[in-house]
Amino acid sequence: MDRMASSMKQVPNPLPKVLSRRGVGAGMEAAERESFERTQTVSVNKAINTQEVAVKEKHARTCILGTHHEKGAQTFWSVVNRLPLSSNAMLCWKFCHVFHKLLRDGHPNVLKDSLRYKNELSDMSRMWGHLSEGYGQLCSIYLKLLRTKMDYHTKNPRFPGNLQMSDRQLDEAGESDVNNFFQLTVEMFDYLECELNLFQTVFNSLDMSRSVSVTTAGQCRLAPLIQVILDCSHLYDYTVKLLFKLHSCLPADTLQGHRDRFMEQFTKLKDLFHRSSNLQYFKRLIQIPQLPENPPNFLRASALSEHISPVVVIPTETSSPDSEPVLEKDDLMNMDATQQNLFDNKFDDIFGSSLSSDPFNFNNQNGVNKNEKDHLIERLYREISGLTGQLDNMKIESQRAVLQLKGRVSELEAELAEQQHLGRQATDDCEFLRTELDELKRQREDTEKAQRSLTEIERKAQANEQRYSKLKEKYSELVQNHADLLRKNAEVTKQVSMARQAQVDLEREKKDLEDSFARTQEQQEVLETLKHELATSRQELQVLHSSLETSAQSEAKWVTQIAELEKERGSLESAAAQREEELSTLREQLESAQIKLANAQESMCQHTKDQRKRLLAGSREAAEQEVQEALSQLDEPALISCAGSTDHLLSKVKSVSSCLEQLEKSRSQYLACPEDISGLLHSITLLGHLTSDTILQGSTTSLRAPPDPADSLNEACKQCGRTTLAYLSSLEEEGALEKADSTAIRECLSKIKAIGEELLPRGLDIKQEELGDLVDKEMAATSTAIEAATTRIEEMLSKSRAGDTGVKLEVNERILGSCTSLMQAIKVLVVTSKDLQKEIVESGRGTASPKEFYAKNSRWTEGLISASKAVGWGATVMVDAADLVVQGKGKFEELMVCSHEIAASTAQLVAASKVKANKGSANLSQLQQASRGVSQATAAVVASTISGKSQIEETDSMDFSSMTLTQIKRQEMDSQVRVLELENDLQKERLKLGELRKKHYELAGVAEGWEEGTEASASSLQEAASEKE
């Protein structure tokens, strides 16, 4: 019975449980992978978000465990690549923090999986480096640190990500090679430099005057420094040990750079550790070590024993209230056993704990209904097992669905943020493109306008080029002649230099002969000395002869001495004779060399003189040819189409006068020093060129002058050419060169100058001292005319109101009111122009008086006077036209033309005032505003005139109701004839208007003294004005 009871308890559960697990086991791996990816996605999105708070440790720990679970960082990078790190500095900062943790504490394959993204990190670092505020600069420096860390661990794979190594492993990393230790130390210095740079930058970005470590923003910036402190402590320790090892192998001088760099980093690290230890945020998270007061002394090997490795202590973490429960796999696997125990307990409660101990169990005793109970129990077990499996599947599916939904929510949130960012970018791009489109349209319009004006300018430039080509050919011939003369001058100069070189050689030979003669003189002096010694010897010989008589014993000795002296005397006499012969030979050679030198100098002087004559004759002939060509061109038809200005003629006359003065000076210099002929040649050539230009300019100027002054000017130009030729011919002979006189040329030039001054425009007849007073008078007269016009308009308006009614009164009031507004606008313009004129005079005259300033800038002053006169005259004429229109005697068209004329006159006044004004002047801005007001008032006058005309014409309605068909046909034919006549008259009037404007432009050019280039464009400006009309 006991065996049966035990068998009943052991049968039902194991087999169904195994079967259910085999059924669902095939999809568990895929479900587990999917669950893992969703868990990692949620953790990464929670760790890296846009909130300015520190990264939660539980999310970072989940990411680290995920790298160990999948043995890499593929899932991490797949999630990070979907984040907008380049557009959100906060996301980039938190990414750097989490990635730093993964490099330190994650799986070793994290480094391998991250190397492919190294270039992207570098590009992102450079991009964020352009921002100097907020997290941009911090992200740039942090990304550079991570790139340096990746490079360091790639070059040194023995170092783990957290840099924790023993001394033996450190020695093995250098492979016992001093070169490897040296390079490893340099790389550690670079690594530590990046760490300290981030450390210092974070502290500089915080306001240390407040308790920033207790705020969420401050903790967000300080949180990554925990990883930096951990790295710095290890790097400092390893650097000290490697430097002691290097000092034991290498000289101290070789490692001076290492010691200097270590001292700098030691000072920074000590200061940063000290500042960090005082922050409340770090006190509860990390225990920061303190470095010694003084750095290690690497020159003393025993100091290594005094070194204490800094140790960073991280307190044990307690469970945080926001930690999430994690459902383990074993819990799911053990639920079947728990449910089995519960079922057994319920079974015992229902049927009893032991069937064999029940005295009333007759079934056990008799074996009745045994199979039915067993089948019932087995069925119940099977049902329970099926329900348990279904419950497990439902739990797994619910967890999977929850994870899927959470991951989907995170993905949707990330996509929403990215879409919002892209939407903002698209809006900005749309605005930028719209702005560019408007700019392109504006540029296109400007380009079309410029192209049209360029085509017109090119068409007129071709005509100017054709007229200019003939003068250009003449000028090229003159340039060619001038070049030939310069070439001849260069050849003559070269010959003169060769002659001078030959003269120098002769002088050198003469000097050599003089030196040899000096040496001969010295030898002669030596000979004289020898003769004197000979005479002395003779005296001594006489003394010896006298002493020979007294000393008979030394007779033989003295005889020997006398014989030797005689022998020496003979040799000296022969040497003196030889010296005399050499001296005579040298004298003969010196005389012949002096004769040759004199002949060469004479021939060279004659050759140089001939060359100077030829050059002078060539220059004179070229100048005469230019003057003769100019005289011959006076009557050519080609000059008839040209027109010159009087100002240009006067400037040419002045240039000829200056050239004559220079020629007189050069002639005096040549007479004083014939070798200096270059100045005389240049002056003669220039005189011929300037005289020919003056003759041609006088001829072209006479074409625009009245007949009598034109004939006088032509005759004066011809007389000037003839006198110039006579003067040039007088320079042919040397005797005539001294007597050459340029008085006749000066008289002709004075005559031309007097005629030119008579032909100047009348505006230039005003004395320069009177220009300043005249400007003030004209501006005052303009103001007075405007005031008078305003008064007359008011009087006319009063008369119209008193005598007119109905439509006529309405039209008159509208027209006179617009005229009054125009006069007020012109008055404001004149006042503003006066203010700007005073500003120009004050800023430009310096220490001079206003009158001197006006005299200095006479053309500008005359422009102001002309513009003021035009404004006053236009105001007077417009008032007269308005008076006639109000009386019914005038035409509306006259009033419109007067309005346009006033607008043009005011534009001329504005242009004259703007010429010398500064661009940033406030008075200039007011003047431009007043000019726009005048334009608007002119438009109002024209509009009111047109409206009044149409309103009056409407009253004269046409009534054809009483006319027959024949009468209407006749009237139609008359109207057609009238239309043709009016069109013909209109065309004739337009041609007449064009001719009048052309003549007005020419007369204005004469009055203002315009140049040829401006006159050439008169027709183009007239055509443009006619097109505008």
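The following exchange between a trainee and a mentor concerns a predicted model of a single chain.

Trainee: How many helices and how many strands does the chain have?
Mentor: The chain has 1029 residues, and buried residues make up 36% of them. As for its secondary structure, the count is 34 helices and zero strands.

Trainee: What share of the contacts with a separation of 6 or more comes from residues 24 or more positions apart?
Mentor: One pair that is distant in sequence is V807 and G948, which are 141 residues apart in sequence and 8.7 Å apart in space, C-alpha to C-alpha. V807 itself is found in helix 27, which covers residues 806-844. Across the chain, among contacts with a separation of 6 or more, the share from residues 24 or more positions apart is 80%.

Trainee: Is K241, which has a relative accessibility of 19%, buried or partly exposed?
Mentor: The side chain of K241 meets that of D167 in a salt bridge, at 2.6 Å from N to O. This pair links distant parts of the chain, since D167 lies in helix 10 (residues 167-174) and K241 in helix 13 (residues 225-247), 74 residues apart. D167, at 44% relative accessibility, counts as partly exposed. The cut-off for buried is under 20% relative accessible area, so K241, at 19%, counts as buried.

Trainee: In which helix do both E456 and R459 lie?
Mentor: The side chains of E456 and R459 meet in a salt bridge at 2.2 Å, N to O. E456 counts as partly exposed at 29% relative accessibility, and R459 counts as partly exposed at 44%. The two residues are three residues apart, about one turn of the helix, and both lie in helix 19.

Trainee: How far apart, N to O, are the side chains of K268 and E264 in their salt bridge?
Mentor: Both residues lie in helix 14 (residues 256-277), where they are four residues apart, about one turn of the helix. K268 is partly exposed at 34% relative accessibility, and E264 is partly exposed with a relative accessible area of 44%. In the salt bridge between their side chains, the N to O distance is 3.6 Å.

Trainee: Which helix gives the most to the negative patch?
Mentor: The negative surface patch is formed by E522, E525, E528, E580 and E581. Helix 19 (370-550) and helix 20 (555-632) each supply at least two residues of this patch. E580 is found in helix 20, and at 38% relative accessibility E580 counts as partly exposed. With three residues, the helix that gives the most to the patch is helix 19.

Note on methods: Residues numbered from 1 in each chain as written. Predicted model: local features only at pLDDT ≥ 70, side-chain atom pairs only at ≥ 80, totals over all residues. Heavy atoms only, no water. Buried < 20%, exposed > 50% of the residue type's maximum accessible area, 1.4 Å probe, protein only. Contact = heavy atoms within 4.5 Å. Patch = residues over 30% accessible without salt bridge, like charges linked within 9 Å, V, L, I, M, F, W, Y side chains within 5 Å. Areas by Shrake-Rupley, 256 points an atom, 1.4 Å probe, with all protein chains shown as cover. Salt bridge = Lys/Arg side-chain N within 4 Å of Asp/Glu carboxyl O. Lys, Arg positive; Asp, Glu negative; His and termini not counted. Charge placed at Lys NZ, Arg CZ, Asp CG, Glu CD.
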